[in-house]
Amino acid sequence: MTDEKRADMKLSKLLLTAVISTLFVSCGAKWSTDYDGALKTAQKKNRDIFLVFTGDDWTDNSIPFKENILNKKEFLSKYSKDFVFLNIDFSQGEFAKTKVAEDASGAEKKAAERIAAEYKKKEALGRNYSVKVWPAVYLCSAEGYVLEQVIFDADKDITCSVEEYCAKVNEKKAKADELKVLVSAVRNSKGVEKAKAIDELVKASNPRFSDLYKELIYEFPALDAGNETGRLGFYELAGAYYTSYEATTRNEDPAKPFLDVIEKGHLAPDQVQEAYYMAAYSLINGEKFDSALVTEYLEKAYTVNPAGPNAMKILQNLQQMKRFAELEKVQSESDGE
């Protein structure tokens, strides 16, 4: 094949992608590409969200799936009263626009920055929804919580009829109703009752999607300050994982959130051990590595509960850390000679 023909084929594919993408959006105003906007619409109209992650211009399955199923009037009309339709597409062509020449105009650079910011949001969504296949389909609450995932089957979902695919969606939709009850309880309760509802929802949900509950995890301690649920320590520690990560992104002390949680006094011995261990671990993976401080936190982690389920692992890490500190000392003395 000549380079000219390859170029023609590439151009044809890009044009096809553009046409089908346009059809997908125009089939009506029903499909949104704005995540936050879709959530607001869903909450206003009291609907769930039909969320699809696609890669139109680089995956083989996304466009055929849209063309044969999601674009069809039968599909859209069937669920238009149940869902707000949301498509998050990862376009290589769009991402390529984030790179501009050094001599690009100010307008071009601003446009590239805007696209880069949008793509960064998409990447965060991809992580939060644990996207592993393309397309990826989820039935979500109006808050964006995953009620059910409709696993994509490349061998069947592209070639099946709309009716057959709707049957698959209906099966998941029925299962989603179980979790919707728990989401509704969170939505309509306050105080300790809301804390209890959050706990039930988190326990019942797939751990893969736990990042979607970050704001609820942050909220829990204020709702149950008296620890009536007995779960205050769990949520304080869970929140520390997020605040530690955020501290890392700001170049702040990532161990501090774990140490602060220990000081509050709501953790069980195993949780205190976990918090000290994570304080050490966060420093190991940080830019500023302090072997003495890491060793101190590992020693505290082991001492607080030598019979704990992770004690042997912590002891092994502590021994390795001490050997590392000895080598570090020898190297320092050697450098000083």
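Lysine 196 lies in helix H8, which covers residues 191–204. In this predicted model, the relative accessible area of lysine 196 is 38%. Lysine 196 therefore counts as partly exposed, a class that lies between the buried limit of under 20% and the exposed limit of over 50%. Glutamate 228 is 32 residues away from lysine 196 along the chain, yet the C-alpha atoms of the two are separated by 9.2 Å.

A wider view helps to place this helix. The chain contains 14 helices and five strands. It has 337 residues, of which 41% count as buried. Among the contacts with a separation of 6 or more, 67% are between residues 24 or more positions apart. The chain exposes about 19,300 Å², and 52% of this area is supplied by carbon and sulfur atoms.

The strands form an open sheet of five, in the order S1-S3-S2-S4-S5 and with mixed pairing. Strand S1 (31–32) and strand S5 (146–150) are at the edges with a single partner strand each, so one side of each has no neighbour in the sheet. In general, the strands of a sheet pair through backbone hydrogen bonds, and this pairing can be parallel or antiparallel.

Strand S4 (residues 136–140) is a good place to look at the sheet in detail. S4 runs antiparallel to S2, and five bridges join the two strands. Along this pairing, isoleucine 49 stands opposite cysteine 140 of S4, while valine 52 stands opposite valine 137 of S4. S4 also pairs with S5 in the antiparallel sense, here over four bridges. In that pairing, tyrosine 138 is opposite glutamine 149 of S5. The hairpin of S4 and S5 has five residues between the strands, and glycine 144 in this hairpin adopts a positive phi near 95 degrees.

How much of S4 is buried? Five of its five residues are. In a regular strand, side chains alternate between the two faces of the sheet. For S4, one side carries Ala136, Tyr138 and Cys140 and the other carries Val137 and Leu139; all of these are buried, and both faces of the strand are thus covered.

Helix H6 (residues 106–128) can be followed next. H6 has 23 residues and reaches 33 Å from its first C-alpha to its last, close to the 33 Å expected at 1.5 Å a residue. Within H6, the buried residues are Ala112, Ile115, Tyr119, Leu125 and Gly126. An α-helix has 3.6 residues a turn, so residues three or four places apart point the same way. Which elements do the buried residues of H6 pack against? They pack against helix H2 (35–45) and helix H5 (92–96), as well as strand S2 (48–54) and strand S3 (83–89). H6 is followed by serine 130, which has a positive phi near 50 degrees.

The surface offers one more feature. Ile284, Phe289 and Phe324 make a nonpolar surface patch of about 250 Å². Isoleucine 284 belongs to helix H12 (residues 269–284). With a relative accessible area of 41%, isoleucine 284 is partly exposed, and this value passes the limit of over 30% that residues of a patch must meet.

How values were computed: Residues are numbered from 1 along each chain as its sequence is written. This is a predicted model: local features need pLDDT of at least 70, side-chain atom pairs count only at pLDDT 80 or more; totals for chains, interfaces and linings use all residues. Side-chain values use heavy atoms; hydrogens and water are left out. Patches are made of residues with over 30% relative accessible area and no salt bridge: like charges are joined within 9 Å, nonpolar side chains (Val, Leu, Ile, Met, Phe, Trp, Tyr) within 5 Å. Accessible areas come from the Shrake-Rupley method with a 1.4 Å probe; for residues, only the protein chains shown count as cover. A salt bridge is a side-chain nitrogen of Lys or Arg within 4 Å of a carboxyl oxygen of Asp or Glu. Buried means under 20% relative accessible area, exposed over 50%, partly exposed in between (1.4 Å probe, protein chains only). The expected span of a helix is 1.5 Å times one less than its number of residues. Contact means heavy atoms within 4.5 Å. Two strands pair if DSSP finds at least two bridges between them.
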